[in-house]
Amino acid sequence: MSRKLMTGAATRATATEILHEVPVDSCPVCKRNRYLNPNLTFLINPECYHPMCSNCVTNIFSKGPAQCPYATCGKTLRQRGFRSAFFRDLTVEREVDIRQRVQAVFNMAEEDFESLRAYNDYLQQVEDLTFDLVQGAEPDRRRAEAELLAYEQRHRDDIEKNRRRGREAESVRRQRDAAAADAARKRRREEQREEERARAEERSINAEVMDALARGEPGGAAEIQARIVAQKRARVAEIAGSHFPSLLDPADAAAKPATGGLLSIRGLKDRTAPDDADAYYQCPYDAFAGLDLAPTRYAARRGADADAYRHPWLEDARSRDDHRVPGYSPDEYVARAVFEAFAGLGVVVADEKADDARVAGTAGAEVAAATGKTGGMGLKMAVGDVFV
(Lines give C-alpha, C1' and ligand atoms only; values in the text may rest on other atoms or scores of the structure.)
Protein backbone atom coordinates (compact mmCIF):
# COMPACT_ATOMS: atom_id res chain seq x y z
CA MET A 1 0.00 0.00 0.00
CA SER A 2 1.37 3.38 -0.95
CA ARG A 3 2.08 6.12 1.53
CA LYS A 4 -0.46 8.42 -0.14
CA LEU A 5 -3.26 5.89 0.24
CA MET A 6 -2.34 5.31 3.86
CA THR A 7 -2.45 9.05 4.45
CA GLY A 8 -5.89 9.27 2.84
CA ALA A 9 -7.20 6.40 4.98
CA ALA A 10 -5.79 7.96 8.10
CA THR A 11 -7.25 11.33 7.33
CA ARG A 12 -10.64 9.84 6.55
CA ALA A 13 -10.63 8.02 9.83
CA THR A 14 -9.66 11.01 11.92
CA ALA A 15 -11.84 13.68 10.27
CA THR A 16 -15.04 12.62 11.98
CA GLU A 17 -15.94 15.79 13.87
CA ILE A 18 -18.36 18.20 12.21
CA LEU A 19 -16.90 21.69 12.58
CA HIS A 20 -19.04 24.82 12.62
CA GLU A 21 -16.10 27.23 12.47
CA VAL A 22 -13.09 27.59 10.24
CA PRO A 23 -10.01 26.22 12.07
CA VAL A 24 -7.24 28.59 13.03
CA ASP A 25 -4.18 26.58 14.02
CA SER A 26 -4.63 22.99 12.84
CA CYS A 27 -6.19 21.22 9.84
CA PRO A 28 -8.83 18.69 10.96
CA VAL A 29 -7.95 16.37 8.04
CA CYS A 30 -4.14 16.16 7.81
CA LYS A 31 -3.37 17.67 11.25
CA ARG A 32 -0.93 20.22 9.87
CA ASN A 33 -0.48 23.11 12.27
CA ARG A 34 0.29 26.74 11.67
CA TYR A 35 3.41 26.64 13.83
CA LEU A 36 5.21 24.45 11.27
CA ASN A 37 3.29 25.85 8.27
CA PRO A 38 2.97 29.64 8.63
CA ASN A 39 1.21 29.96 5.23
CA LEU A 40 -1.51 27.49 6.13
CA THR A 41 -4.87 28.46 4.56
CA PHE A 42 -8.25 26.76 4.94
CA LEU A 43 -10.82 26.25 2.19
CA ILE A 44 -14.45 25.11 2.11
CA ASN A 45 -16.73 23.66 -0.54
CA PRO A 46 -20.37 24.85 -0.67
CA GLU A 47 -21.49 21.26 -1.17
CA CYS A 48 -20.81 20.30 2.45
CA TYR A 49 -18.93 23.26 4.08
CA HIS A 50 -16.29 20.98 5.64
CA PRO A 51 -13.07 22.99 6.13
CA MET A 52 -9.67 21.63 5.19
CA CYS A 53 -6.29 23.11 4.33
CA SER A 54 -5.21 23.94 0.79
CA ASN A 55 -2.65 21.07 0.83
CA CYS A 56 -5.42 18.56 1.48
CA VAL A 57 -7.48 20.01 -1.37
CA THR A 58 -4.52 19.69 -3.74
CA ASN A 59 -3.56 16.17 -2.64
CA ILE A 60 -7.08 14.72 -2.66
CA PHE A 61 -8.89 16.54 -5.50
CA SER A 62 -6.17 17.53 -7.96
CA LYS A 63 -6.66 14.41 -10.12
CA GLY A 64 -10.42 14.60 -10.31
CA PRO A 65 -13.60 14.37 -8.23
CA ALA A 66 -13.26 12.56 -4.93
CA GLN A 67 -15.25 11.89 -1.82
CA CYS A 68 -15.11 14.32 1.08
CA PRO A 69 -12.46 13.16 3.59
CA TYR A 70 -14.88 13.59 6.51
CA ALA A 71 -16.11 10.18 7.60
CA THR A 72 -19.72 11.32 8.12
CA CYS A 73 -19.90 12.99 4.68
CA GLY A 74 -20.37 11.01 1.50
CA LYS A 75 -20.59 13.85 -1.02
CA THR A 76 -18.39 13.96 -4.09
CA LEU A 77 -16.40 17.19 -4.35
CA ARG A 78 -14.32 18.87 -7.05
CA GLN A 79 -11.27 21.05 -6.62
CA ARG A 80 -12.73 24.00 -8.52
CA GLY A 81 -15.58 24.22 -5.99
CA PHE A 82 -13.31 25.09 -3.05
CA ARG A 83 -12.92 28.68 -1.90
CA SER A 84 -12.00 30.70 1.17
CA ALA A 85 -14.73 31.39 3.73
CA PHE A 86 -15.70 35.02 4.25
CA PHE A 87 -17.11 34.34 7.73
CA ARG A 88 -15.42 32.19 10.31
CA ASP A 89 -18.80 30.86 11.44
CA LEU A 90 -19.69 28.31 8.76
CA THR A 91 -23.37 28.45 9.71
CA VAL A 92 -23.47 32.10 8.74
CA GLU A 93 -21.43 31.37 5.59
CA ARG A 94 -23.93 28.71 4.53
CA GLU A 95 -26.95 30.94 5.21
CA VAL A 96 -25.44 33.80 3.19
CA ASP A 97 -24.79 31.48 0.24
CA ILE A 98 -28.35 30.12 0.38
CA ARG A 99 -29.85 33.61 0.53
CA GLN A 100 -27.76 34.71 -2.45
CA ARG A 101 -28.91 31.67 -4.40
CA VAL A 102 -32.59 32.24 -3.55
CA GLN A 103 -32.30 35.96 -4.31
CA ALA A 104 -30.85 35.15 -7.74
CA VAL A 105 -34.04 33.18 -8.54
CA PHE A 106 -36.67 35.28 -6.71
CA ASN A 107 -35.43 38.59 -8.10
CA MET A 108 -38.70 40.45 -8.68
CA ALA A 109 -39.03 44.07 -7.53
CA GLU A 110 -41.95 45.97 -6.00
CA GLU A 111 -42.88 47.62 -9.31
CA ASP A 112 -43.57 44.16 -10.78
CA PHE A 113 -46.67 43.72 -8.57
CA GLU A 114 -50.08 45.36 -8.77
CA SER A 115 -50.43 45.97 -5.02
CA LEU A 116 -48.29 46.21 -1.93
CA ARG A 117 -50.09 43.24 -0.40
CA ALA A 118 -49.07 41.01 -3.33
CA TYR A 119 -45.46 42.14 -2.98
CA ASN A 120 -45.49 41.44 0.78
CA ASP A 121 -46.95 37.96 0.15
CA TYR A 122 -44.13 37.35 -2.34
CA LEU A 123 -41.51 38.39 0.23
CA GLN A 124 -43.11 36.13 2.83
CA GLN A 125 -42.99 33.19 0.41
CA VAL A 126 -39.31 33.84 -0.27
CA GLU A 127 -38.49 34.07 3.44
CA ASP A 128 -40.37 30.84 4.23
CA LEU A 129 -38.50 29.03 1.48
CA THR A 130 -35.17 30.40 2.72
CA PHE A 131 -35.93 29.35 6.30
CA ASP A 132 -36.69 25.79 5.18
CA LEU A 133 -33.41 25.62 3.28
CA VAL A 134 -31.38 27.03 6.18
CA GLN A 135 -33.03 25.71 9.34
CA GLY A 136 -35.51 23.09 8.17
CA ALA A 137 -35.30 19.36 8.62
CA GLU A 138 -34.19 17.09 5.82
CA PRO A 139 -37.73 16.59 4.36
CA ASP A 140 -38.33 20.36 4.48
CA ARG A 141 -35.02 21.02 2.76
CA ARG A 142 -35.80 18.58 -0.02
CA ARG A 143 -39.25 20.05 -0.54
CA ALA A 144 -37.85 23.62 -0.57
CA GLU A 145 -35.11 22.58 -3.01
CA ALA A 146 -37.69 21.05 -5.35
CA GLU A 147 -39.87 24.15 -5.10
CA LEU A 148 -36.92 26.41 -5.87
CA LEU A 149 -35.97 24.38 -8.96
CA ALA A 150 -39.58 24.26 -10.18
CA TYR A 151 -39.98 28.02 -9.81
CA GLU A 152 -36.73 28.59 -11.69
CA GLN A 153 -37.93 26.39 -14.55
CA ARG A 154 -41.34 28.10 -14.78
CA HIS A 155 -40.07 31.70 -14.65
CA ARG A 156 -36.78 31.37 -16.50
CA ASP A 157 -37.55 34.24 -18.91
CA ASP A 158 -38.71 36.60 -16.15
CA ILE A 159 -35.66 35.78 -14.04
CA GLU A 160 -33.31 36.53 -16.92
CA LYS A 161 -35.14 39.80 -17.67
CA ASN A 162 -34.87 40.89 -14.05
CA ARG A 163 -31.18 39.98 -14.03
CA ARG A 164 -30.58 42.15 -17.08
CA ARG A 165 -32.47 44.98 -15.45
CA GLY A 166 -30.44 44.57 -12.28
CA ARG A 167 -27.19 44.58 -14.25
CA GLU A 168 -28.25 47.75 -16.07
CA ALA A 169 -29.18 49.44 -12.79
CA GLU A 170 -25.86 48.35 -11.28
CA SER A 171 -24.02 49.70 -14.33
CA VAL A 172 -25.80 53.05 -14.03
CA ARG A 173 -24.99 53.19 -10.33
CA ARG A 174 -21.33 52.42 -10.97
CA GLN A 175 -21.14 55.08 -13.67
CA ARG A 176 -22.73 57.59 -11.32
CA ASP A 177 -20.33 56.67 -8.54
CA ALA A 178 -17.38 56.85 -10.92
CA ALA A 179 -18.47 60.29 -12.16
CA ALA A 180 -18.86 61.50 -8.58
CA ALA A 181 -15.44 60.11 -7.64
CA ASP A 182 -13.86 61.71 -10.71
CA ALA A 183 -15.45 65.07 -9.88
CA ALA A 184 -14.19 64.76 -6.31
CA ARG A 185 -10.67 63.99 -7.56
CA LYS A 186 -10.77 67.01 -9.85
CA ARG A 187 -11.91 69.22 -6.99
CA ARG A 188 -9.13 67.90 -4.77
CA ARG A 189 -6.53 68.49 -7.50
CA GLU A 190 -7.84 72.02 -8.07
CA GLU A 191 -7.74 72.71 -4.34
CA GLN A 192 -4.19 71.37 -4.18
CA ARG A 193 -3.17 73.60 -7.10
CA GLU A 194 -4.80 76.59 -5.40
CA GLU A 195 -2.95 75.81 -2.19
CA GLU A 196 0.33 75.46 -4.11
CA ARG A 197 -0.25 78.79 -5.85
CA ALA A 198 -1.11 80.45 -2.54
CA ARG A 199 2.00 79.06 -0.88
CA ALA A 200 4.17 80.11 -3.84
CA GLU A 201 2.68 83.62 -3.72
CA GLU A 202 3.28 83.77 0.02
CA ARG A 203 6.89 82.68 -0.43
CA SER A 204 7.36 85.29 -3.19
CA ILE A 205 5.95 88.06 -0.99
CA ASN A 206 8.12 87.00 1.95
CA ALA A 207 11.20 87.01 -0.28
CA GLU A 208 10.37 90.48 -1.57
CA VAL A 209 9.84 91.71 2.02
CA MET A 210 13.23 90.32 3.04
CA ASP A 211 14.89 91.98 0.03
CA ALA A 212 13.21 95.31 0.85
CA LEU A 213 14.38 95.09 4.46
CA ALA A 214 17.88 94.26 3.26
CA ARG A 215 17.87 97.33 1.01
CA GLY A 216 16.87 99.48 3.97
CA GLU A 217 13.46 100.65 2.73
CA PRO A 218 11.51 102.69 5.31
CA GLY A 219 8.78 101.06 7.39
CA GLY A 220 8.38 97.80 9.20
CA ALA A 221 7.87 94.36 7.73
CA ALA A 222 4.07 94.64 7.90
CA GLU A 223 4.06 98.00 6.10
CA ILE A 224 6.42 96.74 3.39
CA GLN A 225 4.26 93.65 2.91
CA ALA A 226 1.13 95.80 2.60
CA ARG A 227 2.83 97.98 -0.04
CA ILE A 228 3.96 94.92 -2.02
CA VAL A 229 0.45 93.40 -1.94
CA ALA A 230 -1.06 96.73 -3.05
CA GLN A 231 1.41 96.97 -5.92
CA LYS A 232 0.59 93.43 -7.06
CA ARG A 233 -3.13 94.15 -6.99
CA ALA A 234 -2.64 97.39 -8.94
CA ARG A 235 -0.54 95.53 -11.51
CA VAL A 236 -3.20 92.86 -11.92
CA ALA A 237 -5.91 95.51 -12.32
CA GLU A 238 -3.80 97.36 -14.87
CA ILE A 239 -3.26 94.20 -16.93
CA ALA A 240 -6.96 93.37 -16.79
CA GLY A 241 -7.89 96.93 -17.71
CA SER A 242 -5.58 96.99 -20.73
CA HIS A 243 -7.22 93.87 -22.17
CA PHE A 244 -10.83 94.47 -21.04
CA PRO A 245 -11.41 98.22 -20.63
CA SER A 246 -15.18 97.98 -20.98
CA LEU A 247 -15.39 95.67 -18.00
CA LEU A 248 -13.57 98.12 -15.73
CA ASP A 249 -15.31 101.33 -16.87
CA PRO A 250 -18.71 100.69 -18.49
CA ALA A 251 -19.43 104.43 -18.91
CA ASP A 252 -16.24 105.05 -20.90
CA ALA A 253 -16.80 101.91 -22.95
CA ALA A 254 -20.33 103.05 -23.85
CA ALA A 255 -19.07 106.52 -24.86
CA LYS A 256 -16.33 105.11 -27.13
CA PRO A 257 -17.11 104.26 -30.76
CA ALA A 258 -17.36 100.67 -31.84
CA THR A 259 -13.81 100.62 -33.27
CA GLY A 260 -12.17 102.63 -30.51
CA GLY A 261 -11.27 99.79 -28.13
CA LEU A 262 -9.89 96.31 -28.20
CA LEU A 263 -13.17 94.76 -27.02
CA SER A 264 -16.74 95.97 -27.45
CA ILE A 265 -19.50 94.17 -25.56
CA ARG A 266 -23.04 95.14 -26.49
CA GLY A 267 -26.45 93.83 -25.60
CA LEU A 268 -25.54 92.96 -22.00
CA LYS A 269 -28.21 93.32 -19.39
CA ASP A 270 -28.01 96.40 -17.21
CA ARG A 271 -27.02 95.08 -13.79
CA THR A 272 -27.99 98.33 -12.09
CA ALA A 273 -31.67 97.98 -13.02
CA PRO A 274 -33.78 96.06 -10.50
CA ASP A 275 -34.63 92.52 -11.47
CA ASP A 276 -38.00 91.21 -10.29
CA ALA A 277 -36.90 87.60 -10.55
CA ASP A 278 -33.78 88.22 -8.46
CA ALA A 279 -35.82 90.10 -5.89
CA TYR A 280 -38.30 87.20 -5.75
CA TYR A 281 -35.61 84.57 -5.19
CA GLN A 282 -33.84 86.70 -2.59
CA CYS A 283 -36.99 86.95 -0.48
CA PRO A 284 -37.75 84.30 2.15
CA TYR A 285 -39.56 81.21 0.93
CA ASP A 286 -43.35 81.56 0.84
CA ALA A 287 -45.35 78.34 0.58
CA PHE A 288 -48.40 80.28 -0.74
CA ALA A 289 -46.39 82.15 -3.44
CA GLY A 290 -47.41 85.58 -2.18
CA LEU A 291 -51.10 84.79 -1.67
CA ASP A 292 -52.50 86.97 1.12
CA LEU A 293 -54.65 84.84 3.42
CA ALA A 294 -55.41 87.61 5.91
CA PRO A 295 -59.19 88.10 6.38
CA THR A 296 -60.67 91.29 4.92
CA ARG A 297 -64.13 91.31 6.51
CA TYR A 298 -63.01 90.97 10.13
CA ALA A 299 -59.93 91.22 12.34
CA ALA A 300 -58.78 88.11 14.19
CA ARG A 301 -57.76 88.68 17.82
CA ARG A 302 -55.32 86.40 19.59
CA GLY A 303 -55.62 85.19 23.15
CA ALA A 304 -53.01 87.68 24.36
CA ASP A 305 -55.02 90.67 23.04
CA ALA A 306 -57.20 92.60 25.43
CA ASP A 307 -60.30 92.41 23.21
CA ALA A 308 -59.89 88.73 22.28
CA TYR A 309 -62.84 86.38 22.52
CA ARG A 310 -63.17 85.00 26.04
CA HIS A 311 -64.84 81.79 27.06
CA PRO A 312 -64.30 79.58 30.13
CA TRP A 313 -63.58 76.51 28.02
CA LEU A 314 -61.09 78.36 25.87
CA GLU A 315 -59.41 79.92 28.89
CA ASP A 316 -58.91 76.47 30.39
CA ALA A 317 -57.39 75.25 27.13
CA ARG A 318 -55.05 78.25 27.13
CA SER A 319 -53.91 78.19 30.76
CA ARG A 320 -54.42 74.77 32.34
CA ASP A 321 -51.86 72.05 31.64
CA ASP A 322 -54.41 69.26 32.07
CA HIS A 323 -56.49 70.80 29.25
CA ARG A 324 -53.68 71.44 26.80
CA VAL A 325 -53.21 69.08 23.87
CA PRO A 326 -50.18 69.10 21.57
CA GLY A 327 -51.10 70.47 18.16
CA TYR A 328 -54.30 72.17 19.33
CA SER A 329 -54.57 75.95 19.58
CA PRO A 330 -57.66 77.79 20.87
CA ASP A 331 -56.79 80.73 18.62
CA GLU A 332 -56.96 78.46 15.58
CA TYR A 333 -60.36 77.22 16.74
CA VAL A 334 -61.69 80.77 17.06
CA ALA A 335 -60.21 81.79 13.70
CA ARG A 336 -61.84 78.82 11.96
CA ALA A 337 -65.22 79.45 13.58
CA VAL A 338 -65.20 83.11 12.54
CA PHE A 339 -64.01 82.23 9.03
CA GLU A 340 -66.90 79.78 8.61
CA ALA A 341 -69.33 82.38 9.92
CA PHE A 342 -68.18 84.99 7.39
CA ALA A 343 -67.65 82.53 4.54
CA GLY A 344 -71.12 83.07 3.02
CA LEU A 345 -71.15 86.86 3.10
CA GLY A 346 -69.57 87.10 -0.34
CA VAL A 347 -72.31 84.97 -1.93
CA VAL A 348 -75.42 86.83 -3.16
CA VAL A 349 -78.20 84.40 -3.98
CA ALA A 350 -80.25 87.00 -5.91
CA ASP A 351 -77.39 87.63 -8.31
CA GLU A 352 -76.94 83.92 -8.89
CA LYS A 353 -80.66 83.47 -9.53
CA ALA A 354 -80.57 86.33 -12.04
CA ASP A 355 -77.64 84.70 -13.81
CA ASP A 356 -79.48 81.37 -13.90
CA ALA A 357 -82.59 83.07 -15.30
CA ARG A 358 -80.53 84.81 -17.96
CA VAL A 359 -78.96 81.51 -18.99
CA ALA A 360 -82.32 79.75 -18.97
CA GLY A 361 -83.83 82.52 -21.13
CA THR A 362 -81.07 82.13 -23.66
CA ALA A 363 -81.63 78.40 -23.75
CA GLY A 364 -85.37 78.92 -24.23
CA ALA A 365 -84.76 81.28 -27.15
CA GLU A 366 -82.61 78.70 -28.82
CA VAL A 367 -85.31 76.04 -28.39
CA ALA A 368 -87.98 78.39 -29.77
CA ALA A 369 -85.87 79.27 -32.78
CA ALA A 370 -85.28 75.62 -33.50
CA THR A 371 -88.88 74.37 -33.03
CA GLY A 372 -90.85 77.46 -34.04
CA LYS A 373 -92.82 77.38 -30.77
CA THR A 374 -92.89 80.04 -28.08
CA GLY A 375 -94.13 79.91 -24.51
CA GLY A 376 -95.32 76.68 -23.02
CA MET A 377 -94.69 74.72 -19.91
CA GLY A 378 -91.16 73.82 -20.88
CA LEU A 379 -89.87 77.40 -20.71
CA LYS A 380 -91.67 78.13 -17.44
CA MET A 381 -90.14 75.07 -15.86
CA ALA A 382 -86.71 76.08 -17.14
CA VAL A 383 -86.80 79.47 -15.45
CA GLY A 384 -88.33 78.23 -12.23
CA ASP A 385 -86.67 78.69 -8.84
CA VAL A 386 -84.07 76.07 -8.32
CA PHE A 387 -84.59 76.17 -4.55
CA VAL A 388 -88.31 75.29 -4.76
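Select R94, E95, I98, R99 and V102 in helix 3, then add V126, E127, T130, L133 and V134 in helix 4; in this predicted model, these two groups of residues meet. By residue class, the contact of helix 3 with helix 4 divides into five nonpolar, one polar and four charged residues.

Next, extend the selection to the two helices themselves, residues 90-105 for helix 3 and residues 116-135 for helix 4. Two packed helices are described by the angle between their axes and the distance between the axes. Here the axes come within 10 Å and cross at roughly 140°. Angles over 145 degrees would count as roughly antiparallel, and those of 65 to 115 as roughly perpendicular; helix 3 and helix 4 are therefore oblique to each other. The crossing in which helix 3 passes helix 4 is right-handed.

The tour now turns to the largest pocket. Rolling a probe the size of a water molecule over the atoms shows where empty space is left. The largest pocket holds about 800 Å³ of space. To find its centre, select E47, Y49, K75, R94 and R141, which are the closest to that point among the 25 residues of the lining. R94 has appeared before, as one of the helix 3 residues in the contact with helix 4.

Finally, colour helix 3, helix 4 and helix 5 (138-154), each of which supplies at least two residues of the pocket lining. Which helix gives the most to the lining of the largest pocket? Helix 3 does, with seven residues. Taken by class, the lining of the largest pocket comprises twelve nonpolar, four polar and nine charged residues.

Definitions and conventions. Residues numbered from 1 in each chain as written. Predicted model: local features only at pLDDT ≥ 70, side-chain atom pairs only at ≥ 80, totals over all residues. Heavy atoms only, no water. Axes fitted to C-alpha atoms, helices over the stretch in contact; angles between N-to-C directions. Helix = DSSP H or I, 4+ residues; strand = E, 2+ residues; numbered from the N terminus. Parallel < 35°, antiparallel > 145°, perpendicular 65-115°, else oblique. Left-handed = near helix turned anticlockwise from the far one by under 90°. Contact = heavy atoms within 4.5 Å. Nonpolar A, V, L, I, M, F, W, Y, C, P; charged D, E, K, R; others polar. 1 Å grid on protein atoms, 1.4 Å probe; cavity = no way out; pocket = protein on both sides within 12 Å on 5 of 7 lines; lining within 4 Å. Points joined across faces, edges and corners; volume = space filled by probe spheres on them.
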